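Trainee: Could we go through this structure together, one question at a time?
Mentor: Happily, let's take a look.

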Amino acid sequence: MIIHISFKYYGLSILCFLAILFVSPAITTAQEIGFLPEGVSGFSYEYQASSANQGFNEGGAKIDLKRFLSDRYNANSTEIGGSVSLESSAHIVDYQYGFSENLNLGVTLKYLTEKRNSTLTADNSASANSQALVDLYQDAESSGMGDYEIWSIYRMVYNDSHDFRIGFGYVGKNAPYYYNDPDKVSLGSGTQELLLDVHWLFYPQNIEMTLEFKYTNIYTFSDSVSDPDGKSYTIKRGN
């Protein structure tokens, strides 16, 4: 289940939007970012909350989260008792400024709460992988600032037929990332990211329709993290 509330303030116009979505357990993109005129500032606030006790197998079918984690860690779910679930909430604030006629600048800040509820136990004869999974996924909760994002939108073409924009962003790694720490839940990704977003709206003449094309790419820099014992590991994510 996901709950999403957003509030926007642009100049003197106010839009308040409330939506409650019952969908698969994953936080979706909350809103499209508009383009502000030169000299105009905009703020938006969003609240997101989600909970999950299921995952998806390779075939795309929903399975119990314990089974999902067992497959991920090569553990035997029949050797593990109890259950595990995840809860997440986010307060998200965006500030956007019309720097020029064709350029907007912005920053996104998040305050996150991540919680893991677990009653997992391992049988006395459980394998090492099963015991490791149980040890790693115990009750834990973390709250604090998430990774910040600095971004820009450049409007290259804007007329009666076309609205073509290119966006660039940078995501820092200021939020804590915990590797193999059963007592804490990560609030950040542990890596830095560069974002590219291409957005083209086409309004055909004499036709009551709009064509929209979007392309997004994220480039992740590999980075090093440490576990509770001080051992260093390199995080690599696909680009």
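Trainee: Which residues form the nonpolar patch on the surface?
Mentor: This is a predicted model, where local features need pLDDT of at least 70, side-chain atom pairs count only at pLDDT 80 or more, and totals for chains, interfaces and linings use all residues. Residues are numbered from 1 along each chain as its sequence is written, and side-chain values use heavy atoms, with hydrogens and water left out. A patch takes residues with over 30% relative accessible area and no salt bridge (Lys or Arg side-chain nitrogen within 4 Å of an Asp or Glu carboxyl oxygen), nonpolar side chains (Val, Leu, Ile, Met, Phe, Trp, Tyr) being joined within 5 Å and like charges within 9 Å. With about 420 Å² of accessible area together (Shrake-Rupley, 1.4 Å probe, only the protein chains shown counting as cover), the patch is formed by Y45, V93, L109, Y111 and M145.

Trainee: Is L109 buried, partly exposed or exposed?
Mentor: L109 lies in strand β8, residues 103–118 (strands are DSSP E runs of at least two residues, helices H or I runs of at least four, numbered from the N terminus). Buried means under 20% relative accessible area, exposed over 50%, and partly exposed in between (1.4 Å probe, protein chains only). Because its relative accessibility is 41%, L109 counts as partly exposed.

Trainee: And S161, is that buried or exposed?
Mentor: S161 is found in the loop between β11 (149–158) and β12 (162–171). Its relative accessible area is 18%, so S161 is buried.

Trainee: Which element gives the most to the largest nonpolar core?
Mentor: That core, a set of buried Ala, Val, Leu, Ile, Met, Phe, Trp, Tyr and Cys residues joined through side-chain atoms within 4.5 Å, has 10 residues, including L65, I80 and Y137. Two or more residues come from each of α1 (65–72) and α2 (128–136). With three residues, the element giving the most is α2.
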